Amino acid sequence: MSRQTVSRRLHKGGLFTRRPVVCVPLFPAHIRARLHWAHEHRSWTPEQWGHVLFTDESRFNIQNDSRRAMIWREPGIRYKAPHIVERDNYRGSGLLVWAEIATNGRTDLYVFAGGSVIADRYRDEILHPLVRPFITAMGTDAIFMDDNALPHRAQLVRSYLESETIPQMAWPARSPDLNPIEHVWVMSGRRIAGRSVPLGTLHELQQALLQEWALLPQQGINDAIASMPRRCQACISVRGYHTRYLACGSHCTFRLPI
């Protein structure tokens, strides 16, 4: 039996080849924490979400990756457990960036100059020069959100936030789909991918990232934050598992020209 015959039969049965969704692994403790958090915040108003400052690091890569893992599935079941690939890390050289977004505002994009981001660097390069002034400008109702990466939860960082009286939002681990900045990363990546001139070096990638971040429409950021009630409800609907708001495209890959 030929490959084409098998493919036609599968198509007639409603099965098509698709790339699996890639996301971080979730263990039972993560699922319970996500569900609890979603229940706690499901009734927050748009005004309350407007006071939250969402932050994240993301890696943008340039690499020649020819892997094309495909799966057969029916339409409409992309986010079901059997069709998701869980993966912790994203390989390839690239640039690690950080930013903070809020309703009607954002920080500049910060590009790390190589090396590991440890607690000292997070405090000295992010919290003190970028987060603290932004919090001050936002006013006393502002709430700082970051994820549960090890540098973010170090005692040195906690002490700094307390000394500066920066209120922090409790955040469930392994929950990029609940963070609206992930979709802002995707917006940036798509703008870069749509450029007429391909990117060939990390320096070109850095310049493109800075330019596109500055040009991002604020309304798109506001719309992403406005989706928070829907994200909470989606998490509740799947009982804490991965939601349709998965945005692993935030770790973007731009292929080198061949």
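How many disulfides does the count come to in this structure? Under the rule that a disulfide is a pair of cysteine sulfur atoms within 2.5 Å, the count comes to 0. The model is a predicted one, in which local features need pLDDT of at least 70 and side-chain atom pairs count only at pLDDT 80 or more, whereas totals for chains, interfaces and linings use all residues. Residues are numbered from 1 along each chain as its sequence is written, and side-chain values use heavy atoms, with hydrogens and water left out.

The absence of a bond can be followed at Cys232 and Cys235. The closest cysteine sulfur to that of Cys232 belongs to Cys235 and lies 7.5 Å away, which is too far for a bond; for the sulfur of Cys235, the closest cysteine sulfur is in turn that of Cys232. Cys232 has a relative accessible area of 0% and is therefore buried (buried means under 20% relative accessible area, exposed over 50% and partly exposed in between, with a 1.4 Å probe and protein chains only). Cys235 likewise counts as buried, because its relative accessibility is 0%.

Both cysteines also take part in the packing of helix α9 with helix α2, where helices (H or I, at least four residues) and strands (E, at least two) are DSSP runs numbered from the N terminus. The axes of α2 and α9 are 9 Å apart and make an angle of about 135°, the axes being lines fitted to C-alpha atoms, for helices over the stretch in contact, and the angles running from 0 to 180 degrees between N-to-C directions. This angle makes α2 oblique to α9, since angles under 35 degrees count as roughly parallel, over 145 as roughly antiparallel, 65 to 115 as roughly perpendicular and the rest as oblique. On the side of α2 the contact (heavy atoms within 4.5 Å) is made by Arg34, Leu35, Trp37, Ala38, His39 and His41, and on the side of α9 by Met228, Cys232, Cys235 and Ile236.

Helix α2, which spans residues 28-41, also contains His30, a residue that counts as buried because its relative accessibility is 17%. When residues up to four places away in sequence are not counted, His30 touches Pro25, Ala173 and Arg174. Of these partners, Arg174 is 144 residues from His30 in sequence, yet the two are 7.0 Å apart in space, C-alpha to C-alpha.

Helix α9 (228-237) is among the elements that cover the buried residues of α8, together with others including β3 (52-62) and α6 (181-193). The buried residues of α8, a helix of residues 218-226, are Gln218, Gly220, Ile221, Asn222, Ala224 and Ile225.
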